[in-house]
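Okay, everyone, thanks for coming. Let me put the structure up on the screen, and then I'll walk you through it.

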Amino acid sequence: MNIAVILSAGNGSRFGSDIPKQFINLAGKNIIEYTIKAFEQHHLIDEICIVADTSFHSKLWNISTDNNFTKVKKIIAGAKERKDSSYEAIKAYQDKENINLIFHDGVRPFVSKKIITDTIQALGRYNAVDVAIPTADTIIKVQNNIIDNIPKRSELLRGQTPQGFKLKTIQKAHELSNQDKKPPLFTDDCGLVKQYLNEDIYVVEGEEKNIKITYKEDLLFAEKLIQLNSTSLNVEVDYSNLNGKVIVIFGGNSGIGLDIVNIASKYGAKVISCSISTGTDITDSKNIQKILKNTFDKYTKIDAVINTAAILTKEPLIEMTESAIVEEITTNFTATVMIAKYSHHYLKDTKGSLILFTSSSYTRGRANYSLYSSTKAAVVNFSEAIASEWSNDKIKVNVMNPARTATPMRVKNFGDEKIDTLLSSKVVAQKTIDILLQDFSGLVIDIKKFQKNLG
């Protein structure tokens with residue numbers, strides 16, 4: 001029997017947060033939700049035990065219930081020191097036979113199926129298993145800030161988790177440590193086995209993405225990992241889940257918006273496309289409210305709202321008229337805000353998705369189209385803010401950020417360009433649908449030219 005023990009008793013002091021880092025929001029979920037899910041979905045894991053501060057037990061049970069984590073059978077009290085938290089889990093299973101305990105950090109959310117599989121399979125031959133990766137940096141040993149030794153980098157690995165053990169092996173190591181009057185040389189479980197037992201510890205190859213989220217900078221990297229995993233060409237998306245969904249698309253008459261309409265409709269979605277050409281002026285919030293209300297009255301729900309509408313005026317600011325300035329700001333940003341505002345209560349009912357669009361120009365203001373690049377930067381900031389505001393409502397808010405894309409708006413402003421230097425609008429549309437079917441929130445999804453075109 002394979003028991004995953006998720007160690008989640010830390011207080012997050014190094015993270016500098018008011019709450020333990022395992023409960024920090026990462027793309028719409030607590031970090032620990034990703035960690036639990038990795039073991040919940042693994043076919044070789046029979047049961048999950050979470051070790052945590054008692055003040056968070058109720059929250060963890062709620063997380064398990066909300067996500068249907070049926071393998072979570074125990075949530076037990078942790079301790080101040082990591083090794084003592086591990087020992088609490090050991091005691092919880094000490095009367096069981098033929099048990100493997102697989103200890104894992106609650107803030108390593110990207111542990112892969114392969115790592116878990118390799119760890120469990122290695123326990124068929126060894127009583128203790130660690131996970132590690134090579135170090136790219138030279139490691140130096142110092143005393144009083146003076147280099148004492150420089151070990152061979154080829155002989156050094158960086159330890160990760162999980163760490164797997166036969167129950168009796170890790171139990172014996174902890175008991176010997178507890179009997180020792182001197183503090184142990186190591187605080188992790190493999191370290192205790194190494195110090196107190198004559199056991200070989202087999203090392204499974206880890207992965208660079210199996211990061212431990214310790215500092216705030218790690219959170220930014222984690223968001224990019226989620227984005228890369230979700231937009232990978234290898235990710236399987238069940239498009240049958242589009243069948244019956246009701247999707248409102250603002251700006252659906254051409255370019256990316258039209259391709260989204262066509263793809264979603266092909267898979268059985270009810271798509272309501274609105275644009276200036278169909279009489280919907282999104283600079284008037286009454287039109288936005290009318291479209292949403294009429295859609296709800298007809299279908300009794302709205303599952304997603306997507307806004308691709310935008311104006312790009314390639315012209316120096318001083319040469320633009322005041323009316324043109326107001327129109328571009330209103331279309332690109334104010335209308336986006338209003339679409340979000342009036343979509344909220346519909347999407348709250350369905351725990352739906354709001355998808356907005358930015359541009360690769362948002363990262364730096366572009367000369368001669370300053371309003372476009374600045375309003376697109378505002379869309380990103382706005383989206384990240386409301387993703388956090390709406391997290392309790394389970395509404396997913398994400399922003400698509402395609403590289404230069406072959407659309408009528410681009411042709412109008414930049415003329416004919418080499419087609420092989422541009423993204424196909426179909427690729428962007430397909431990726432948008434893929435994101436619509438994911439369950440994360442608060443991300444800016446980059447779509448690069450190297451991703452395969454669809455046709």
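So, this is a predicted model, and I'll start with its largest nonpolar core, which has 40 residues. Which residues have the most contacts inside that core? Those are L26 and I247. Several elements chip in: α1, α7 (216–231), β12, α8 (255–266), β14, β15, α13 (425–436) and β19 each give at least two residues to this core. Helix α13 supplies the largest share, with six residues. As general background, nonpolar side chains tend to be buried together in soluble globular proteins.

Let's zoom in on L26. Leaving aside residues up to four places away in sequence, L26 touches I31, Y34, P109, F110, I213, L219, A222, E223 and I226. Two of the names on that list, I31 and Y34, bring us to helix α1, where both are buried.

Helix α1 covers residues 31–40, and nine of its ten residues are buried, so the rest of the structure largely encloses this helix. The buried set isn't just greasy residues, by the way: E33, T35 and E40 are among them, along with I32, I36, A38 and F39.

Now to the sheets. One is an open sheet of six strands, and if you read across it you get β13-β12-β14-β15-β16-β19, with parallel pairing. At the edges stand β13 (270–274) and β19 (444–447); each has a single partner strand, so one side of each has no neighbour in the sheet. From one strand to the next, the twist averages 20°. Look at β14, residues 304–307, and β15, residues 353–357: they run parallel and are joined by three bridges. Within that pair, A304 sits opposite S353 of β15.

What lies across this sheet? Helix α10 (residues 322–350) lies across β12 (246–250), β14 and β15, and runs at about 170° to β14. Then there's α11 (residues 370–389), which lies across β15, β16 (396–402) and β19 at about 160° to β15.

Those two helices also pack on each other. The angle between α10 and α11 is about 10°, and their axes are 10 Å apart. Under 35 degrees counts as roughly parallel, so α10 and α11 are roughly parallel to each other. Their crossing is right-handed. On the α10 side of this contact you have I325, E328, I329, N332, F333, T336, V337 and A340, and they meet L371, Y372, T375, A378, V379, F382 and I386 of α11.

Okay, the other sheet. This open sheet has seven strands in the order β5-β4-β1-β6-β10-β7-β11, and here the pairing is mixed. Its edge strands, β5 (72–77) and β11 (201–205), each pair on one side only. On average, and ignoring direction, neighbouring strands here are turned by 25° against each other. Helix α2 (residues 57–66) packs on this sheet and touches β4 (47–52) and β5, with its direction at about 165° to that of β5.

Over at β11, five bridges tie this strand to β7 (residues 128–134), and the two run parallel. In that pairing, A132 has E205 of β11 as its bridge partner. Helix α6 (residues 189–196) lies across β6 (100–105), β7, β10 (157–166) and β11, at about 75° to β10.

That's my tour, so over to you for questions.

Note on methods: Residues are numbered from 1 along each chain as its sequence is written. This is a predicted model: local features need pLDDT of at least 70, side-chain atom pairs count only at pLDDT 80 or more; totals for chains, interfaces and linings use all residues. Side-chain values use heavy atoms; hydrogens and water are left out. Two strands pair if DSSP finds at least two bridges between them. Helices (H or I, at least four residues) and strands (E, at least two) are DSSP runs, numbered from the N terminus. Axes are lines fitted to C-alpha atoms, for helices over the stretch in contact, and angles run from 0 to 180 degrees between N-to-C directions. Contact means heavy atoms within 4.5 Å. Buried means under 20% relative accessible area, exposed over 50%, partly exposed in between (1.4 Å probe, protein chains only). A nonpolar core is a set of buried Ala, Val, Leu, Ile, Met, Phe, Trp, Tyr and Cys residues joined through side-chain atoms within 4.5 Å. Angles under 35 degrees count as roughly parallel, over 145 as roughly antiparallel, 65 to 115 as roughly perpendicular and the rest as oblique. A crossing is left-handed if the near helix is turned anticlockwise from the far one by less than a right angle, and right-handed if clockwise.
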